[in-house]
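Visitor: I would like to learn how to read a protein model. Could you guide me through one?

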Amino acid sequence: MTERTRYDQARWTTDGEYEPLLSEKDSTRVEIGDDSPLPDELTRDGLELPERSEPELARHYTRLSQMVYGIDVGPYPLGSCTMKYNPKFTEDVAALPSAQVHPDRSEKSIQGTLELLYRLQDYLGRIGGMDAVTLQPPAGAAGEFVGIRVATAYHDHNGEGDRDEVIVPESAHGTNFATAALCGYDVVSLPSDEEGRVDLEALEAALSENTAALMLTNPNTLGLFERDIVEIAEMVHDVGGLLYYDGANLNALLGQARPGDMGFDVMHYNVHKTFATPHGGGGPGAGPVGVVSDLEAFLPAPRVRRRERASERSRETGADNDGAGDGASASERPFELFDPDHTIGHVHGFQGNWLVLVKAFAYIARLGDEGLEDASAKAVLNANYLASRIEYDVPYGPFHHEFVASAGEQDAADVAKRMLDFGVHPPTTKWPEIVPEALMTEPTEVESKGTLDQLAAAFNAVVGEDDETIETAPNHTAAGRIDQTSAARNPRLSWHALEDGDE
Ligand SMILES: Cc1ncc(COP(=O)(O)O)c(C=O)c1O
């Protein structure tokens, strides 16, 4: 058994106070001239700026970084909320001068940008088995919202706007319930069967002519593949409903199976969980949405397409001008933006979060078919290896990319805080609720056997530890346990200097 890591996080304090913010250090007042064209009430005469030499500035930020835990320090096995490693080469690609395009530039001058977006739409469509993709939504949750709005527009268009229910499994992510409610639906919660999968009898009872959609993730939140997915799809389609795929768990399936082939009609892709982009905490990330051809006309505007017909026309007629009015030939300007016929409208400025999309594109292009397939296979192998090494009870299984262990008599939140003392980030806790004191764990494909053993050692170190040690943890990190009740009841959401009497 690997020995657990000895960990003491740097703690930079002066007189008991943490490294002060730059604005708390000495500052100089800089006067601003009064020649601003803005009205007086919108201008100021001067401002305080911190006075720091370059080495002081570099040390300040280095010290702060030493008091932070991140994926460049150690593993980050958050189940479902996956923090997939962001490879450095994708950052390099996004930093290329040619990637720095102003979104307001003319279509003619951003043909390279449009081609990248077009190819990314195509990659994602092929990976998911979907006919059309929008890249606009800025996060997975935003993608869900767009996907269900598209489903609503489809039903309305077919004169079936009175469908008012969306079915969501009880183990689903909170955003599924929130999305359905936000789109105005009654949410019907679906119980799991004894194996942790969709209960087909309960589904039969829940489905009706009121069903607009069933939202599913596969593998599900317990990391289990929904073996009856083809039957489930048929049941939903038989009542005229749509099947929505929450792409959060697509990292388990790349190159192995496609939601479109399973019968899903609409899906979102969590590019931060699957294609190694930064998360952005609900945005600014990216959560593209894919749909089958029946739903394509309802996607948000604008999308990117290749002007094939125009170029064919100009080839046939020998004309250089494709009729777009700017004198450019289709061969010079092969890509264009367009609004789908029955679009639900704009859901984001321009074409989405461009630089995040560049990173997703670079990752997919670099890995290729074989690399993506291999990433999924290793993600599944790593989850199953780690599950087999930990001493906590792991109900259900065998798993795909993640598993949910139970902390049993211990409080999962205490276990998580204690794991921080061993130099690892803990798993997602207390969800899904069908596993008591859940420790939902997803190591992802990037971790080596050595790191998985280190993670297992951290889990196992906490098993059976005395209550006092666990309940006071973490003790080896820069910041200790916070008062969670005060943080929730009296949150301080913006910085201000502490005054006498502040806590
Ligand atoms: C299963 C599932 N669905 C949806 C989401 C929402 O994705 P995002 O955080 O990108 O908004 C998450 C986020 O962790 C998730 O785990």
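Guide: We will go through the ligand, the cores, two helices and some backbone details.
This is a predicted model, in which local features need pLDDT of at least 70 and side-chain atom pairs count only at pLDDT 80 or more, while totals for chains, interfaces and linings use all residues. Residues are numbered from 1 along each chain as its sequence is written, and side-chain values use heavy atoms, leaving out hydrogens and water.

Visitor: Which residues come nearest to the ligand?
Guide: A residue is near a molecule or strand if one of its heavy atoms lies within 4 Å of it. Here 14 residues surround the ligand, and Ser80, Gly140, Ala141, Asp246 and Lys273 come nearest. By class, this shell has 4 nonpolar, 7 polar and 3 charged residues. In that sorting, Ala, Val, Leu, Ile, Met, Phe, Trp, Tyr, Cys and Pro are nonpolar, Asp, Glu, Lys and Arg are charged, and the others, Gly among them, are polar.

Visitor: What lies 2.4 Å from an oxygen atom of the ligand?
Guide: A polar contact is a pair of N or O atoms within 3.5 Å; within protein, one must be able to donate a hydrogen and the other to accept it, and residues adjacent in sequence count only if both atoms are side-chain atoms. The partner at 2.4 Å is a polar side-chain atom of Ser80. A polar backbone atom of Ala141 is 2.8 Å from a ligand oxygen, and an N or O atom in the side chain of His279 is also 2.8 Å from a ligand oxygen. Taken alone, the ligand exposes 390 Å², and the protein buries 95% of that (areas come from the Shrake-Rupley method with a 1.4 Å probe; for residues, only the protein chains shown count as cover).

Visitor: Is Ser80 buried or exposed?
Guide: Buried means under 20% relative accessible area, exposed over 50%, and partly exposed in between (1.4 Å probe, protein chains only). Ser80 counts as buried because its relative accessible area is 5%. Most residues other than glycine have a negative phi, and most peptide bonds are trans. Ser80 has a positive phi, near 65°. As for peptide bonds, the one from Asn218 to Pro219 is cis, with omega near 0°, and another cis bond joins Gly397 and Pro398, with omega about -5°.

Visitor: Which residues touch the most other members of the largest nonpolar core?
Guide: A nonpolar core is a set of buried Ala, Val, Leu, Ile, Met, Phe, Trp, Tyr and Cys residues joined through side-chain atoms within 4.5 Å. The largest one has 79 residues, and Leu203, Leu214, Leu250 and Phe275 touch the most other members. Helix H11 (residues 354-389) gives the most to this core, with 10 residues. Helices (H or I, at least four residues) and strands (E, at least two) are DSSP runs, numbered from the N terminus. A second, separate core has 30 residues, including Tyr392 and Ala412.

Visitor: How many residues of helix H12 are buried?
Guide: In H12 (residues 412-420), 7 of the 9 residues are buried, among them Ala412, Val415 and Met419. At its start, a side-chain oxygen of Asp411 reaches to within 2.8 Å of the backbone nitrogen of Ala413.

Visitor: Where does Leu124 lie?
Guide: Leu124 lies in helix H3 (residues 111-128). Contact means heavy atoms within 4.5 Å. Leaving aside neighbours within four places in sequence, Leu124 is in contact with Val133, Leu135, Tyr269, Phe275, Pro288 and Ile364. Leu124 counts as buried because its relative accessibility is 1%.
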